[in-house]
Amino acid sequence: RQHPIPSAFKAKSKKARFVLEPNSSEPLPTVPEILAPGVGCSIPPSFDPSSMQGCRSVEFDMSDYCRSAVEQYKALSGIDKLKHAPTPYLPDGSLVHADSCVRGQMAGAACRVLMKDLWVGRLARPDIIQIVSDLATKVQAWSKNEDKRLYRLICYLNSTLHYKLCGKVGDSPDKLRLLLFVDADLAGSSDDSKSRSGGYLVISGPNTWFPVCWICRKQTATSRSTTEAEVVALAVALFSEALPTLQLLDLLFGRAVDLFILEDNQATIKVVRSGFSPKLRHISRTHKINLGSVSEVLEDEHVHLEYCHTSFQAADIFTKALPPNKWDRALQLLGMTTTAPSDNTTTADNDNHNNNDNTTTTTTTTDKAGVGVECVHDASASAVTQFCETCSAKVGIKAVPEILGDVLDDKIE
């Protein structure tokens with residue numbers, strides 16, 4: 001089947017390679033069929049009201065916890081004024097080498113701040129996990145440059161308290177599949193020659209987009225080319241997260257679930273499919289095992305490796321410091337909403353919670369860990385507060401599969 005190429009793309013050669021026209025005013029299309037046949041969902045996901053009809057949705061709201069992290073930083077650093085920051089990364093040229101040799105003011109308290117930020121990044125804010133991971137490696141050698149980077153991170157958190165990670169399920173289990181976005185950044189750090197792996201795992205369907213987990217990890221062995229780094233990133237994301245999740249879904253759905261691996265490097269796709277490349281004869285045992293094991297997994301008819309244009313690569317945000325002009329697009333690919341809530345919505349939620357009629361309303365509460373959990377309040381119940389506390393018991397990593405399980409149970413019934 002031939003798919004028409006959107007006008008926003010221009011073929012650079014006869015190969016399946018596309019570049020964005022620099023002067024094109026048209027928005028990027030959300031039709032990945034030309035880039036990854038068979039994926040069967042919109043990338044980036046849409047959460048507008050028209051696309052949410054017939055769907056159950058969840059918002060992971062940690063705004064209160066983020067606000068607490070900001071207040072903790074103010075108390076420990078003595079800084080009261082925070083600037084607006086569109087991204088958590090400093091502009092190029094903001095850090096000087098001389099400051100990297102001076103002990104930072106937050107050297108003794110940086111660990112406390114980063115641990116709180118890491119909890120946010122692991123549960124509901126994947127947009128900050130990369131910078132938090134970088135700063136965590138500097139705790140034992142904290143300098144003034146790290147003070148600047150931490151201040152920028154807190155400014156970004158304070159400016160984006162309303163950002164939420166969203167998930168929706170609107171399809172029956174027979175239409176669901178797994179999407180694994182993988183990416184790597186070759187020796188992007190100035191401190192060493194190690195590359196960074198990134199991955200984003202999503203349960204998807206025609207009307208479904210539910211994030212499962214994300215990976216931001218520095219590689220332990222040095223890669224000599226982008227292809228090597230991409231192979232390692234693919235192996236890490238595939239074996240640590242994608243395959244275990246795939247086995248679980250096979251058991252829950254009672255069928256073989258398809259896994260689509262979306263890679264934006266065509267050389268990597270060719271090498272992995274063949275299992276060998278003459279240009280990679282020099283690779284060490286570590287890289288060779290990764291290449292061979294991934295090639296064996298791809299022999300499964302339910303595991304597909306597809307090319308994905310960089311503009312649709314959701315894992316790109318986990319590997320490098322993206323500039324502001326690419327940041328909003330990266331958040332859309334993750335499925336994050338950036339619209340600030342109105343005061344009217346908050347008032348309506350409070351009215352529903354205090355309603356004494358025999359009706360059932362759905363609101364989003366915040367548990368003890370700061371995770372937004374959707375729970376149903378029955379006004380006829382004798383103790384609504386105790387019912388909320390039961391919902392608040394869904395903390396940590398368990399909150400995602402439990403909520404998704406409830407939604408899928410309804411679809412199966």
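Here are some worked exercises on the predicted model above, each with a step-by-step solution.

Residues are numbered from 1 along each chain as its sequence is written. Because the model is predicted, local features need pLDDT of at least 70 and side-chain atom pairs count only at pLDDT 80 or more, while totals for chains, interfaces and linings use all residues; side-chain values use heavy atoms, with hydrogens and water left out.

**Exercise 1. Get an overview of the chain.**

Task: find how many helices and strands the chain has, and what share of its residues is buried.

Solution:
- Step 1: the chain has 11 helices and 12 strands. Both are DSSP runs numbered from the N terminus, with H or I over at least four residues for a helix and E over at least two for a strand.
- Step 2: of the 413 residues, 49% are buried. Buried here means under 20% relative accessible area, exposed means over 50%, and partly exposed is in between (1.4 Å probe, protein chains only).
- Step 3: now for contacts, meaning heavy atoms within 4.5 Å. Take the contacts with a separation of 6 or more: 72% of them are between residues 24 or more positions apart.

**Exercise 2. Check helix α1 with a ruler.**

Task: work out what span α1 should have, and compare it with the distance between its end C-alpha atoms.

Solution:
- Step 1: the expected span is 1.5 Å times one less than the number of residues.
- Step 2: α1 covers residues 63–77, which is 15 residues, so it should span 21 Å.
- Step 3: the end C-alpha atoms are 21 Å apart, and that agrees.
- Step 4: look at what α1 hides. Its buried residues include Y65, C66, V70, Y73 and K74, and the buried set packs against α2 (110–123) and α4 (144–159).
- Step 5: step just past the helix, and you meet G78 with a positive phi of about 80 degrees.

**Exercise 3. Classify two helix pairs.**

Task: decide how α5 and α7 are oriented to each other, then do likewise for α6 and α7.

Solution:
- Step 1: fit the axes. They are lines through C-alpha atoms, for helices over the stretch in contact, and the angles run from 0 to 180 degrees between N-to-C directions.
- Step 2: α5 (residues 226–253) and α7 (residues 285–297) pack at about 55 degrees, with their axes 9 Å apart.
- Step 3: angles under 35 degrees count as roughly parallel, over 145 as roughly antiparallel, 65 to 115 as roughly perpendicular, and the rest as oblique. That makes α5 and α7 oblique to each other.
- Step 4: list who meets whom. On the α5 side the residues include V231, L234, L238 and F239, and on the α7 side they include H287, L291 and V294. By class, this contact has 10 nonpolar, three polar and one charged residues. Ala, Val, Leu, Ile, Met, Phe, Trp, Tyr, Cys and Pro count as nonpolar, Asp, Glu, Lys and Arg as charged, and the others, Gly among them, as polar.
- Step 5: for α6 (residues 266–274) and α7, the axes come within 7 Å and cross at roughly 75 degrees, so the two are roughly perpendicular. V271, V272, R273 and S274 of α6 make this contact with L291, V294 and S295 of α7. The classes here are four nonpolar, two polar and one charged.

**Exercise 4. Compare S204 and P206.**

Task: for S204 and for P206, say whether the residue is buried, partly exposed or exposed.

Solution:
- Step 1: S204 sits in strand β6 (residues 196–205), and P206 is in the loop between β6 and β7 (208–218).
- Step 2: S204 has a relative accessible area of 0%, so it is buried. P206 comes in at 48%, so it counts as partly exposed.
- Step 3: check neighbours, leaving out residues up to four places away in sequence. S204 touches C41, K175, L176, R177 and L179, and P206 touches G40, D171 and K175.

**Exercise 5. Hunt for unusual backbone.**

Task: say which peptide bond is cis, and where A187 is found.

Solution:
- Step 1: the bond from I43 to P44 is cis, with omega near 0 degrees. P44 lies in the loop between β2 (18–20) and β3 (56–60).
- Step 2: A187 is in the loop between β5 (177–185) and β6. Its phi is positive, about 45 degrees, although it is not a glycine.
- Step 3: A187 has a relative accessible area of 37%, so it is partly exposed.
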